[in-house]
2 protein chains.
Amino acid sequence: MRLLRVAQRVERELGTRLKERWGLNNAQFDVLARVGAAEGIVQQRLADSLLVTKGNVAQLLDRMEKRGLIERRPEGRTNRLYLTEEGRYLFAEVVPGHESLIDERLSVLSKEEQRQLSAILRKLDRSLYGEPPAG
Amino acid sequence: MRLLRVAQRVERELGTRLKERWGLNNAQFDVLARVGAAEGIVQQRLADSLLVTKGNVAQLLDRMEKRGLIERRPEGRTNRLYLTEEGRYLFAEVVPGHESLIDERLSVLSKEEQRQLSAILRKLDRSLYGEPPAG
DNA sequence: CGATTGAAGTTTAGTACTAAACTTTAAAGA
DNA sequence: TCTTTAAAGTTTAGTACTAAACTTCAATCG
């Protein structure tokens with residue numbers, strides 16, 4: 001299925017760029033972007049929004065905490081997540097660059113095609129989310 | 001980017017189905033499908049066509065060979081790959097079921113939308129393949 | 001020939017990810 | 001109040017994947 005191939009290519013390219021420029025990988029970027037956009041988020045919610053397991057998030061955060069990008073603040077039985085100074089700096093640097101790269105890649109499509117793609121993906125997304133796997 | 005999210009969801013669902021029904025994961029399915037479609041293919045070519053490294057393929061084949069799905073036949077300095085009896089059986093079982101599942105998921109889209117999606121992805125794919133990452 | 005080169009394959013170290021077991025703790029119920 | 005339950009988080013074992021080092025061997029060059 002071409003969808004998967006294209007997504008894989010895009011992800012690979014984004015990953016290479018991230019690693020070269022900022023020493024991040026895709027997973028770490030996702031965490032940085034999400035926490036940056038919703039500081040105070042709790043680990044389980046972060047995992048949900050990234051479509052990964054909480055175990056995975058726990059491990060990722062261990063590394064990112066060691067690198068000084070993220071801070072866990074325990075609160076009751078949860079951990080609230082915040083960017084550190086360095087994390088905040090990186091967030092401001094990386095996210096806009098990343099988005100402009102995506103725009104650049106999408107620029108081979110006409111405005112109309114971009115609109116169509118967006119509509120189709122939204123429909124697919126909703127359908128996949130709404131209907132749990134029938135079998 | 002929604003493209004990545006949708007692809008991730010699709011892949012997850014396909015993976016769950018594959019694992020439940022046939023004890024395969026996505027990577028193994030890819031290998032099975034590719035080798036089944038092009039028996040005699042060499043490891044490096046297989047890696048290229050799956051967009052992964054040859055190291056990864058070597059490891060995957062180790063497992064699949066142990067499970068009796070695939071056979072390596074050394075030839076000069078290359079290994080040609082073939083399905084075993086069991087691999088051939090699985091190939092015949094799995095690939096059609098997999099495709100019908102994809103069709104099912106795509107059925108929320110109209111014919112026209114499917115056509116548009118296909119055209120757009122082809123365009124993106126070609127663009128990503130043709131232009132090496134500019135920076 | 002024998003040495004060099006380079007392609008194919010394997011191995012190794014490290015990260016990402018999952019599933020599942022385990023730990024901790026807030027909250028609900030007896 | 002004490003017990004039970006369940007949610008959040010951590011840990012563990014196993015697969016997938018990459019990059020890079022290493023091995024093997026065919027072909028080419030001296």
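**A walk around two protein chains and two DNA strands**

Start by selecting chain A: 21% of its 135 residues count as buried, meaning that 20 or more other C-beta atoms, placed from the backbone, lie within 10 Å of a residue's own. Before you move on, note that this is a predicted model, in which local features need pLDDT of at least 70, side-chain atom pairs count only at pLDDT 80 or more, and totals for chains, interfaces and linings use all residues. Residues are numbered from 1 along each chain as its sequence is written, while chains are lettered from A and ligands numbered from 1 in the order in which they are written.

**Stop 1: chain A in cartoon view**

Switch to cartoon and you should find six helices and two strands in chain A. Followed along the sequence, they run α-α-α-α-β-β-α-α. Helices (H or I, at least four residues) and strands (E, at least two) are DSSP runs, numbered from the N terminus. The C-alpha atoms of chain A fill a box of roughly 45 × 40 × 20 Å along the principal axes.

**Stop 2: where the chains meet**

Now show chain B as well. How many residues of chain B are in contact with chain A? There are 31, and they touch 31 residues of chain A; contact here means C-beta atoms, placed from the backbone, within 7 Å. On the chain B side, color α1 (2–22), α5 (85–106) and α6 (111–130), each of which supplies at least two residues. The largest share, 13 residues, comes from α1(B). By class, this side of chain B has 16 nonpolar, four polar and 11 charged residues. Ala, Val, Leu, Ile, Met, Phe, Trp, Tyr, Cys and Pro count as nonpolar, Asp, Glu, Lys and Arg as charged, and the others, Gly among them, as polar.

**Stop 3: DNA strand D**

Next, select DNA strand D and the 22 residues around it, each with its C-beta atom, placed from the backbone, within 6 Å of the strand. Gln43(A), Gln44(A), Gly55(A), Ala27(B) and Gly55(B) come nearest. Which element gives the largest share of this surface? That is α4(B), with five residues. By class, look for five nonpolar, 13 polar and four charged residues.

**Stop 4: DNA strand C**

Finally, move to DNA strand C, which 23 residues surround. Label the closest: Ala27(A), Gly55(A), Asn56(A), Gln43(B) and Gly55(B). Elements that each supply at least two residues here are α2 (26–37) and α4 of chain A, together with α3 (43–50), α4 and β2 (78–83) of chain B. This surface divides into six nonpolar, 13 polar and four charged residues.

Notes: A residue is buried if 20 or more other C-beta atoms lie within 10 Å of its own, exposed if 12 or fewer, and partly exposed in between; C-beta atoms are placed from the backbone. Two residues are in contact if their C-beta atoms, placed from the backbone, lie within 7 Å.
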